[in-house]
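Open your viewer, keep the selection box handy, and follow along one stop at a time. Each stop gives you something to select and then says what is there.

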Amino acid sequence: MPSSPSLATGPAPASPPRAARDRRADLIVVLVALALAVWVTSGLWRDPNTRTITVNSSDQALFEWLLAFGGHAVTHGDNPLFTHLINVPDGVNLAVNTSITVYAVVFAPLTYLIGPPATFLVILTLNLLATALAWYWLLSRQLVRSRLAAGVGGLFIAYSPGMVSHANAHLNWTAGWLVPLLVWRLFALRRPGHWLRDGLILGALVALAFSIAAEGLFFTALALGVFVAVWAAHPAHRAEARAALPTFLRGLGVTAVVAGVLLSYPLWLHFAGPQRFHGTGFDPLVHSEDIAAFAAFPRRSLAGEAGLGTALAPNPTEENSFFGIPLLVLTVVCFVALWRRADAARRATLWALGATALIFSVLSFGPLAKVDGRRTDLPMPFDVLGQLPVMNAALPARLALVVTPVIGVLLAYAVDQLRNDPPRHRSAELAWALGFVVALLPLVPTPLLTHEREPVPRFITAGTWREYVSPGGVLTPLPLAVDIYPDGQRWQAYALSQRQGEFAIPGGFFLGPGGPEGRGRIGPVPRTLSALMDQAGRTGLVPVVTDGTRREVRSDLRHWRVETVVLPDRVHGAKFDVDEEAVRRTATALFGEPQRVDDVWVWRIPPA
């Protein structure tokens, strides 16, 4: 990183009058960051228990379940990284899923106190706030002298299109506060005489990051590797890099040992444990970044509200670039202006930042380039790199997220230079100010879209289910729980967080084995009963039920050890409305007439 100010030395201590101004600036940034975090999530704050994120209610239900299960596992001495409560009888390896184990444990008291939906909202809001403040701290204390510069950079990164997009229920990806801490501690490894302590700290931080956002940690490690390699190879830093290399490698070795020890069991589960898989259940051709998306505007922004948003992302939670043409132009202008006035050391840093942004932009294009929604035949580097272990589980579109901090740092550098060496002419100063406004104002985020969620049935909230399921027995909702039908996991999360006891469910929303060519898939491999209920719920048509169909369904029920089947009056469909009447008629044809209990229909399944 730049030698003055740098991650090694930091800015000089401020004089008393300036210190007071800096404290005021710190307070202003905290308040602005908090206001933006609450603003983005405001739709949920209206009532966390009755509202859900419109475009990604599935992931919200999953993370709420993870919070409830993690707290339950800790308080009951269960394994927080593997469970048989979903996907019975095989269970789910949570180490290869987004298990957010640390959040589940730390926030367990809050989950028990206010419930999983409200705890989910608290963490989501704190993630956005902490990301802004962590980047502001790194920039203001380590990289730039101007608090305004640090505020611009930190707030842009935290509320960039990619972060706001992932705020649609991704508690792992919105934990962006981990990245500046990792950057800070990595470059601290250069300090002579402190390699053991610094390695211990970074190792613990790596373990923490893996337990909250493993994919984000992987991308951060790749980006830092590219940056350090380019930075150290520059002639201006070769001597410094050679001198610091022994200390750096010692600290990195300690980091690897500490992280390896702390993560030994999770890593074993991830790569060799039961229900593991290789690759991912997501198609990299679909989940790749459109080249035109870099110049497009995001939907949840002022530009999007004005009708300038586009649908170039795979889905609304994956707008990983979407910087808009004005910001791209401003970034290039900032880079050129900084380069022209930089010494050799600063140019090395700019060169490394530019190379990192370019490499990850190209990688985000996926196996084949796509331009404005049209797939080309032009192969991209990810077509080769995506075949490598670990890399084959990454979604290439998300690699574009690495570009956001690079832009944020360049903006901070530019503002810092303008504050400390302002343009000679007033017109030039106004042009810079106008450029920042035109580039950043359209990207100011708007609140996430939310809507009212289907309530958890009284059959669950009143604990009536315990009269129909043996302790630890299997209950299934209709349709069966998968990503698009999250009711089963929402009910289970409620029961666990209210300490009602345990019931297991077939299926669920998770990543597991069973995909093509030995790769992973979303949810379990469909069986006859799940396929029939999905067909009825989607189409509103009751499928033909024969004696053969009933035999196959009975086989499914024996496989899952189901004791009770439950259909609520209102079923939540994450992508479409569900025809509950068609589902009830199909279930009646299969199981006979149901029993009305509280506010649900119940079918008791006799033992095999």
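Begin at the hairpin of S4 and S5, where 2 residues lie between the strands and Asp372 takes a positive phi near 55°. Keep in mind throughout that this is a predicted model. Now colour strand S4 (residues 368-371) and strand S5 (residues 374-379): the two pair in the antiparallel sense, over 3 bridges. To pick out one of the pairings, select Leu368, whose bridge partner in S5 is Pro379.

**Next: the strand with two partners**

Select strand S10, residues 562-568. How many of the 7 residues of S10 are buried? The count is 6, so S10 is largely enclosed by the rest of the structure. Add strand S7 (residues 474-477), which runs parallel to S10 and is joined to it by 4 bridges. Then add strand S12 (residues 600-604), which pairs with S10 in the antiparallel sense over 5 bridges.

Thr564 is a handy residue to centre on here. Leu475 stands opposite Thr564, and Thr564 also stands opposite Arg604 in S12. While you have the strands on screen, show the side chains: in a regular strand they alternate between the two faces of the sheet.

**Next: the nonpolar cores**

Select Tyr103, Phe120, Tyr159, Leu327, Phe459 and Phe503. These are the residues with the most contacts inside the largest nonpolar core, which has 124 residues. Zoom in on Tyr103 and show what surrounds it. Beyond residues up to four places away in sequence, Tyr103 touches Leu67, Ala108, Ile123, Asn127, Leu171, Ala175, Trp177 and Ile212.

There is also a second, separate core of 27 residues, which includes Leu480, Ala504, Val553 and Trp560. Stay with Val553, which you will find in helix H22 (residues 547-560). Is Val553 buried or exposed? Its relative accessible area is 2%, so Val553 is buried, as that value falls under the 20% cut-off. Setting aside residues up to four places away in sequence, Val553 touches Thr528, Leu529, Leu532, Leu590 and Phe591. Try a distance label between the C-alpha atoms of Val553 and Leu532: they are 21 residues apart along the chain and separated by 9.4 Å.

**Next: the cavities**

Turn on a cavity display if your viewer has one. A search of the whole structure finds 4 cavities of 30 Å³ or more. The largest cavity has a volume of about 630 Å³. To centre on it, select Trp135, Val179, Thr220, Val402 and Pro405, which lie nearest its centre among the 36 lining residues.

Which helix supplies the largest share of this lining? It is H10, with 9 residues. Several other helices each supply at least two residues, including helix H6 (116-143), helix H15 (344-363) and helix H17 (403-420). Colour the lining by residue class and you should see 26 nonpolar, 9 polar and 1 charged.

Now move to the second largest cavity, with about 50 Å³ of space. Select Thr52, Ser57, Gln60, Ala61, Glu64, Arg453, Arg490 and His572, which line it. Helix H3 (residues 57-76) gives the most to this lining, with 4 residues. By class, the lining of the second largest cavity has 1 nonpolar, 4 polar and 3 charged residues.

**Next: a charged residue in H10**

Go back to helix H10 and select Asp198, which has its place there. Asp198 has 0% relative accessibility, so it counts as buried. Show its surroundings: leaving aside neighbours within four places in sequence, Asp198 is in contact with Arg185, Ala188, Leu189 and Arg191.

**Last stop: the second largest pocket**

Finish at the second largest pocket, where about 650 Å³ of space lies. Its lining has 24 residues, and those closest to the centre are Leu148, Val152, Phe436, Val437 and Leu440. Colour helix H1 (16-40), helix H7 (147-158), H17 and helix H18 (426-440), the elements that give two or more residues to this lining. H18 gives the most, with 6 residues. You have already met H17, as it also supplies at least two residues of the lining of the largest cavity. Colour by class once more, and the pocket lining shows 20 nonpolar, 2 polar and 2 charged residues.

Definitions and conventions
Residues are numbered from 1 along each chain as its sequence is written. This is a predicted model: local features need pLDDT of at least 70, side-chain atom pairs count only at pLDDT 80 or more; totals for chains, interfaces and linings use all residues. Side-chain values use heavy atoms; hydrogens and water are left out. On a 1 Å grid over the protein atoms alone, a cavity is a set of points where a 1.4 Å probe fits but cannot get out, and a pocket is an open set with protein on both sides within 12 Å along at least five of seven lines; lining residues have an atom within 4 Å of a point. Grid points are joined across faces, edges and corners, and a volume is the space filled by probe spheres set on the points. Ala, Val, Leu, Ile, Met, Phe, Trp, Tyr, Cys and Pro count as nonpolar, Asp, Glu, Lys and Arg as charged, and the others, Gly among them, as polar. A nonpolar core is a set of buried Ala, Val, Leu, Ile, Met, Phe, Trp, Tyr and Cys residues joined through side-chain atoms within 4.5 Å. Buried means under 20% relative accessible area, exposed over 50%, partly exposed in between (1.4 Å probe, protein chains only). Contact means heavy atoms within 4.5 Å. Two strands pair if DSSP finds at least two bridges between them.
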